[in-house]
Amino acid sequence: EERLKHGGIYADVDSEPVPGTKLHRVIAISQNFRNVRQGERQDLVWRIADETLQPEQKLRISMILTLTPAEMSGITA
């Protein structure tokens, strides 16, 4: 697990491999996402990925989930 810090956004970031592929699912969890629409969250995190990852690294991302801690606990409960 890693920490993402960009502007006022702080998030815990984790990834897991997609079985049978070279791809990874990325999960960004942040309390800062609480009042942000899902589309805006996605735009923000993909923009950060564009600025920080090499093109070949971005190609290995199958999806990015952007969740609040409460939303994450609902998924794992």
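These are my notebook entries on a few residues and one helix of a predicted model.

Entry 1, Thr66. I looked up where Thr66 sits and found it in strand β4, which covers residues 61–67. I then checked its accessibility: the relative value is 1%, and because buried means under 20%, I noted Thr66 as buried.

Entry 2, the surroundings of Thr66. I asked which side chains make polar contacts with the side chain of Thr66, and I recorded that of Gln38 at 2.4 Å and that of Gln42 at 3.3 Å. Setting aside neighbours within four places in sequence, I listed Ala28, Phe33, Gln38, Arg41, Gln42, Val45 and Glu71 as residues in contact with Thr66.

Entry 3, helix α1. I turned next to α1, residues 38–52, and compared its length with expectation: its 15 residues, at 1.5 Å a residue, should span 21 Å, and the C-alpha atoms at its ends are 21 Å apart, so the two values agree. Within α1 I noted Arg41, Leu44, Val45, Ile48 and Ala49 as buried. Looking down the axis of α1, I found that these buried residues fall within an arc of 135°, and therefore they line one face of the helix. Two of the buried residues, Arg41 and Val45, also appear among the contacts of Thr66.

Entry 4, Ala11. I located Ala11 in strand β2, which runs over residues 9–17, and recorded its relative accessibility as 0%, so that Ala11 counts as buried. Finally, I looked up the separation between the C-alpha atoms of Ala11 and Pro69, which is 9.9 Å, although these residues lie 58 residues apart along the chain.

Technical notes. Residues numbered from 1 in each chain as written. Predicted model: local features only at pLDDT ≥ 70, side-chain atom pairs only at ≥ 80, totals over all residues. Heavy atoms only, no water. Buried < 20%, exposed > 50% of the residue type's maximum accessible area, 1.4 Å probe, protein only. Polar contact = N/O pair within 3.5 Å; in protein donor to acceptor, adjacent residues only side chain to side chain. Contact = heavy atoms within 4.5 Å. Expected span 1.5 Å × (residues − 1). Arc of directions from axis to C-beta.
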